[in-house]
Amino acid sequence: ENYEEKNFPLPNPDPIDVIQYYIDQRGLKYKDLVGIIGDKTSVSKVINRERQLNLRMIKNLHDKMNIPYSLLLHE
């Protein structure tokens, strides 16, 4: 296991892909992110990668959808 982690590290997942995964797994729709990420326009811009997540959005996604911070933050 250590050998694999050292020689074949997994890339960090894209935060938008993580959000989409959580939405799909819970049977939600993008409209369910309104109020978590922001208004309808903000949700659309984030999902379409036209706008980055800010700290408030990340905190809300963590608090309200239980998405780990480590999956939402870029290194």
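**Exercise 1. A pair within one helix**

In which helix do Lys59 and Asp63 lie, and how many residues apart are they?

Solution. The model used here is a predicted one.

Step 1. Locate the two residues: Lys59 and Asp63 are both part of helix 4, four residues apart, which is about one turn of the helix.

Step 2. Recall the geometry of a helix. An α-helix has 3.6 residues a turn, so residues three or four places apart point the same way.

Step 3. Look at the side chains. Lys59 and Asp63 form a salt bridge, and their closest N and O atoms are 2.6 Å apart.

Step 4. Check the accessibility of each partner. Partly exposed covers the range between 20% and 50% relative accessible area. Lys59, at 44%, is partly exposed, and Asp63, at 39%, is partly exposed too.

**Exercise 2. A network of salt bridges**

Find the salt bridges of Arg49 and state which parts of the chain they link.

Solution.

Step 1. Start from the total: the structure has three salt bridges.

Step 2. Take the partner Asp14. Its salt bridge with Arg49 has a closest N to O distance of 2.7 Å. Asp14 sits in the loop between helix 1 (2-7) and helix 2, while Arg49 sits in the loop between helix 3 and helix 4; the two are 35 residues apart, so this pair links distant parts of the chain.

Step 3. Take the partner Asp17. The side chains of Asp17 and Arg49 also meet in a salt bridge, at 2.8 Å from N to O. Because Asp17 belongs to helix 2 and Arg49 to the loop between helix 3 and helix 4, this pair ties together parts that are 32 residues apart in sequence.

Step 4. Put the pairs together: Asp14, Asp17 and Arg49 make up a network of salt bridges.

Step 5. Classify the three residues. Asp14 is partly exposed at 25% relative accessibility, Asp17 is partly exposed at 41%, and Arg49 is partly exposed at 46%.

Step 6. Add a backbone detail. Arg49 follows helix 3 and has a positive phi, near 60°.

**Exercise 3. The buried face of helix 3**

Which residues of helix 3 are buried, and what covers them?

Solution.

Step 1. List the buried residues. In helix 3 (residues 40-47) they are Ser42, Val43, Val46 and Ile47.

Step 2. View the helix down its axis. The buried residues fall within an arc of 125°, so they line one face of helix 3.

Step 3. Identify the cover. Helix 2 (15-26) and helix 4 (55-65) are included in what covers these buried residues.

**Exercise 4. The nonpolar core**

How many residues does the largest nonpolar core have, and which helix gives the most to it?

Solution.

Step 1. State the size: the largest nonpolar core has 18 residues. Those with the most contacts inside it are Ile19, Leu33, Leu53, Leu61, Met65 and Ile67.

Step 2. Assign the contributions. Helix 2, helix 3 and helix 4 each supply at least two residues of this core. Helix 2 gives the most, with five residues.

Step 3. Examine one member. Beyond its neighbours within four places in sequence, Ile67 is in contact with Val18, Ile19, Tyr22, Leu61, His62 and Leu72.

Step 4. Compare with the general rule. In soluble globular proteins, nonpolar side chains tend to be buried together.

**Exercise 5. Two asparagines and a surface patch**

Are Asn60 and Asn66 buried or exposed?

Solution.

Step 1. Apply the cut-offs: buried is under 20% relative accessible area, and exposed is over 50%.

Step 2. Classify Asn60. This residue of helix 4 has a relative accessibility of 15%, so Asn60 is buried. Leaving out neighbours within four places in sequence, Asn60 is in contact with Gly35, Ile36 and Met65.

Step 3. Classify Asn66. Asn66 is placed in the loop between helix 4 and helix 5 (69-72). Its relative accessible area is 55%, so Asn66 is exposed. Not counting residues up to four places away in sequence, Asn66 touches Tyr22, Arg26 and Leu61.

Step 4. Turn to nonpolar residues on the surface. Leu55, Tyr69 and Leu73 form a nonpolar patch there, with about 310 Å² of accessible area together. Leu73 lies in the segment after helix 5 and is partly exposed, at 41% relative accessibility.

Notes
Residues numbered from 1 in each chain as written. Predicted model: local features only at pLDDT ≥ 70, side-chain atom pairs only at ≥ 80, totals over all residues. Heavy atoms only, no water. Buried < 20%, exposed > 50% of the residue type's maximum accessible area, 1.4 Å probe, protein only. Arc of directions from axis to C-beta. Contact = heavy atoms within 4.5 Å. Patch = residues over 30% accessible without salt bridge, like charges linked within 9 Å, V, L, I, M, F, W, Y side chains within 5 Å. Areas by Shrake-Rupley, 256 points an atom, 1.4 Å probe, with all protein chains shown as cover. Salt bridge = Lys/Arg side-chain N within 4 Å of Asp/Glu carboxyl O. Core = buried A, V, L, I, M, F, W, Y, C linked by side-chain atoms within 4.5 Å.
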